[in-house]
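User: Please take a close look at one part of this structure, the packing around a single tryptophan and the surface beside it.

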Amino acid sequence: MTQHRKGLVLDFGGVLTTPLVHAAFAFERRAGLAEGTLLTGLYLDPEAIRLTEELERGGLTQTQWNEAAATRLGISSDNLMGRIFADLRPEPTLIAAAAAARRAGVKVGILSNSVGLEPWNLYDGYDLETRYDALVLSEAHGTRKPEPEIFRIVLRELGLTAEECVFVDDTEQHLPPAAELGFATVHAVDPARTVAALEALLGIPLTDVTPDPDRVTS
């Protein structure tokens, strides 16, 4: 008999939002930068990677990151993070699926490598504190995905074990450490495929967003 999971841990950017890379490409076009400039200058360069990891751990402010990144790109630093991701939008399929899971009795947590909250707040308007059972932002804990400790933190917040949970992330390298702890993992590439995988692992339908008053949960 299949033992279905009863906890769901979701990455934020690229899972509950549209893909980050699409927003980055749109920014490059607006800024008159060649396609791939951000990837090369900010996410493949060792020093730029170090700065982003420090930002995610809370050791660097978003403003400091903006200034360092702008220098590398040769553009204005004013609200750079917000300008890069200005085209991000909510991903309704996954947001609805998460809400359906909670209604069915599944505990749902958010686990995000944060990018600072000022001057631009990635999470603004999503009501994460009220719509989910746990919210773990990396900067508040001094650790980041894929480090195992941050997965342990969200498990403590949910009051569950890894073997009871599913972890979803659009960044593939974040999945193996979670799997080693006992999570079932889903690589979020396409929203419909992600929801189908979650329905199988949780053993509940997630595409019907209408609450069922007769559903019995344990």
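Analyst: The following account moves from the core to the surface.

The model is predicted: local features need pLDDT of at least 70 and side-chain atom pairs count only at pLDDT 80 or more, while totals for chains, interfaces and linings use all residues. Residues are numbered from 1 along each chain as its sequence is written, and side-chain values use heavy atoms, without hydrogens and water.

Trp65 is among the residues that touch the most other members of the largest nonpolar core, a set of 51 residues; the others are Leu8, Leu10, Val168, Leu198, Leu202 and Leu206. Such a core consists of buried Ala, Val, Leu, Ile, Met, Phe, Trp, Tyr and Cys residues joined through side-chain atoms within 4.5 Å. Helix H6 (residues 92–103) gives the most to this core, with 6 residues.

Not counting residues up to four places away in sequence, Trp65 touches Leu42, Tyr43, Leu51, Thr52, Leu55, Leu60, Leu80, Met81 and Ile84, where contact means heavy atoms within 4.5 Å. Thr52, found in helix H3 (residues 46–57), is in contact with Leu42, Tyr43 and Trp65, leaving aside its neighbours within four places in sequence. Thr52 counts as buried because its relative accessibility is 12%; buried means under 20% relative accessible area, exposed over 50%, and partly exposed in between (1.4 Å probe, protein chains only).

Tyr43 also belongs to a nonpolar surface patch with Leu39 and Leu44, with about 300 Å² of accessible area together. Patch residues have over 30% relative accessible area and no salt bridge, and nonpolar side chains (Val, Leu, Ile, Met, Phe, Trp, Tyr) are joined within 5 Å, like charges within 9 Å. A salt bridge places a side-chain nitrogen of Lys or Arg within 4 Å of a carboxyl oxygen of Asp or Glu. Accessible areas come from the Shrake-Rupley method with a 1.4 Å probe, and for residues only the protein chains shown count as cover. Leu39 lies in helix H2 (residues 37–43) and is partly exposed, at 48% relative accessible area. Helices (H or I, at least four residues) are DSSP runs numbered from the N terminus.

Methods. Helix = DSSP H or I, 4+ residues; strand = E, 2+ residues; numbered from the N terminus.
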